[in-house]
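Visitor: Got a minute to go through a structure with me? I'd like to talk about how its helices pack.
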Amino acid sequence: MLFFRTNYVHAIVHVALGVGWLVAFRKAGTARSINLLFGAILLILAILGFTGMEFMHTFINAGGSVDADNFLHLGSGVAALFFGLAGTEPRGAPTA
């Protein structure tokens, strides 16, 4: 890809995330749980990527603290956490 350096482990993880999201979308509670889980994982990966740990370089092929993938993980993690936390009340529920 143009901006993102990937390897087979990185690609497998992203495919697994996509499958998880596709499986979870049918039920609101499951979708919220998966979004919270995946959001936390992606934020942890972003933080580890920004620290420049050698693990991140070898495991997911991140290129350093300013690698575009770190920003993608950060944005995706924040979005997943947002959607995991948003809409926790059922539709039509009275608000106080």
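Guide: Sure. One term to start: helices here are DSSP runs of H or I with at least four residues, numbered from the N terminus. Also, this is a predicted model.

Visitor: Okay, where is Gly84 then?
Guide: Gly84 sits in helix 4.

Visitor: Buried or exposed?
Guide: Gly84 has 3% relative accessibility, so it counts as buried, the cut-off being under 20%.

Visitor: What does Gly84 touch, leaving out residues up to four places away in sequence?
Guide: Arg32, Asn35 and Leu36.

Visitor: And how far is Gly84 from Gly39?
Guide: C-alpha to C-alpha, they are 8.0 Å apart in space, with their positions 45 residues apart in sequence.

Visitor: Switching to Asn35, which helix is that in?
Guide: Asn35 belongs to helix 2. At 13% relative accessibility, Asn35 counts as buried. Beyond four places in sequence, Asn35 touches Trp21, Ala80, Leu81, Phe83 and Gly84.

Visitor: How do the axes of helix 2 and helix 4 sit relative to each other?
Guide: The axes of helix 2 (residues 28-51) and helix 4 (residues 68-85) come within 7 Å and cross at roughly 155°. That makes the two helices roughly antiparallel, because the cut-off is over 145 degrees.

Visitor: Left-handed or right-handed crossing?
Guide: Left-handed, as helix 2 passes helix 4. Residues making the contact include Leu36, Gly39 and Leu43 of helix 2, and Gly77, Leu81 and Gly84 of helix 4.

Visitor: What's the mix by class in that contact?
Guide: Between helix 2 and helix 4, the contact has 14 nonpolar, eight polar and one charged residues.

Key: Residues are numbered from 1 along each chain as its sequence is written. This is a predicted model: local features need pLDDT of at least 70, side-chain atom pairs count only at pLDDT 80 or more; totals for chains, interfaces and linings use all residues. Side-chain values use heavy atoms; hydrogens and water are left out. Axes are lines fitted to C-alpha atoms, for helices over the stretch in contact, and angles run from 0 to 180 degrees between N-to-C directions. Angles under 35 degrees count as roughly parallel, over 145 as roughly antiparallel, 65 to 115 as roughly perpendicular and the rest as oblique. A crossing is left-handed if the near helix is turned anticlockwise from the far one by less than a right angle, and right-handed if clockwise. Contact means heavy atoms within 4.5 Å. Ala, Val, Leu, Ile, Met, Phe, Trp, Tyr, Cys and Pro count as nonpolar, Asp, Glu, Lys and Arg as charged, and the others, Gly among them, as polar. Buried means under 20% relative accessible area, exposed over 50%, partly exposed in between (1.4 Å probe, protein chains only).
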